[in-house]
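Student: I should like to examine how the descriptive terms applied to this model are justified. May we proceed term by term?

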Amino acid sequence: MTTTSSTKQQTLAAPLTFSGKGLHTGVQVTMTVNPAPKDHGIVFRRVDLEGQPTIPALCEYVTDTSRGTTIEIDGVRISTIEHIMSALWTMGCDNALIDIDNTETPIMDGSAKAYAEGISRVGLVEQAAERRYYEVREKQVYTIPEKGVAIVLYPDEEFSVSVHVDYNSKVVGNQYAVLVPEDDYASKIAPCRTFVFLHELEPLFKMNLIKGGDLDNAIVVVEDFNFEAPSTKAFVDVLNNLKVSEKKQLFVLPSSNKAVYLSARNSKGTQMAIASDINTYGIMNAEVLVVTESSLEIINNTLNKTKEA
């Protein structure tokens, strides 16, 4: 799971710098993860503010977990810290001072892959201090019933994580994942990307979120969509929400839909296809492929029949 089984505290062998935009704020940001002394912990420092205030990455400073983890002290905040925290902790970095020049970490490609690769590249060094461990001695349960969320801790001889999610979606489906000590975090977990459902985009925009989101840093799960009547504006809204209006798109529908076809006819770069007739040329010629839930089911059934034949 980690890059070493050392019981000593560790820090980076050299600084790492990442630049990009924040997923929710859309701001450009540069973040440098610096080595730090023993017993320092993971601490963020806002170098763009007077006095360069710091915020330790501790649960008591978490103020928001809607679509990301935000830490805050005295009105100074840093959001979407979960990817860099995941990479640092799981790969064995105990101490780091993270300089950041804006309110949100860079989202990169929507995963922790770049962070994990950076840590692997520069490596870690042992420090003259033992790690301190929290020992779970009895079962502990934390739930948010209204959201259907539960976290359960069990006593064990080693650290492992098992996760089960159900988004009530044919595309995403029920998903189950396990991380045990012998697993390679950098290849198994770090590349997992942020995703969002198409029907969530407009509400999230209205909540002033995902300003920096696009198909380069997130996966959009498109459930079935339909128009009661032809509407160019409605279709343009879909393209704008997906941020693909300037790209060549191929929309794959489960069946012929006159309202959708007429809505898309004035949109440059938009092609339509029926799932049962999809071909390799159409896919390769598109910069963006948009497949609905029902279409995916048809394509899967077609592929299964081909294999059986």
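Tutor: We may, bearing in mind that this is a predicted model. Phe 18 has a relative accessibility of 7%.

Student: Why is Phe 18 called buried?

Tutor: Buried means under 20% relative accessible area, and Phe 18 is at 7%, so Phe 18 counts as buried. Tyr 115, at 1%, counts as buried by that criterion.

Student: How many aromatic pairs does a search of the whole structure find?

Tutor: The search finds two aromatic pairs. In one of them, the ring centres of Phe 18 and Tyr 115 are 4.8 Å apart, with the planes at 90°.

Student: What makes the pair of Phe 18 and Tyr 115 edge-to-face?

Tutor: Centres within 6.5 Å make a pair, and planes over 60 degrees apart count as edge-to-face. The values of 4.8 Å and 90° satisfy both conditions, so the pair is edge-to-face. It links strand 2, which holds Phe 18, to helix 2, which holds Tyr 115, across 97 residues.

Student: Why is the pair of Trp 89 and Phe 159 called edge-to-face?

Tutor: Their centres lie 5.2 Å apart and their planes stand at 65°, which is over 60, so this pair is edge-to-face. Trp 89 lies in helix 1 and Phe 159 in the loop between strand 12 and strand 13, so the pair ties together parts 70 residues apart in sequence.

Student: Why is Phe 159 called partly exposed?

Tutor: Its relative accessible area is 44%, which falls between the limits of 20% and 50%, so Phe 159 is partly exposed.

How values were computed. Residues numbered from 1 in each chain as written. Predicted model: local features only at pLDDT ≥ 70, side-chain atom pairs only at ≥ 80, totals over all residues. Heavy atoms only, no water. Phe/Tyr/Trp six-rings, centres within 6.5 Å; stacked < 30°, edge-to-face > 60°. Helix = DSSP H or I, 4+ residues; strand = E, 2+ residues; numbered from the N terminus. Buried < 20%, exposed > 50% of the residue type's maximum accessible area, 1.4 Å probe, protein only.
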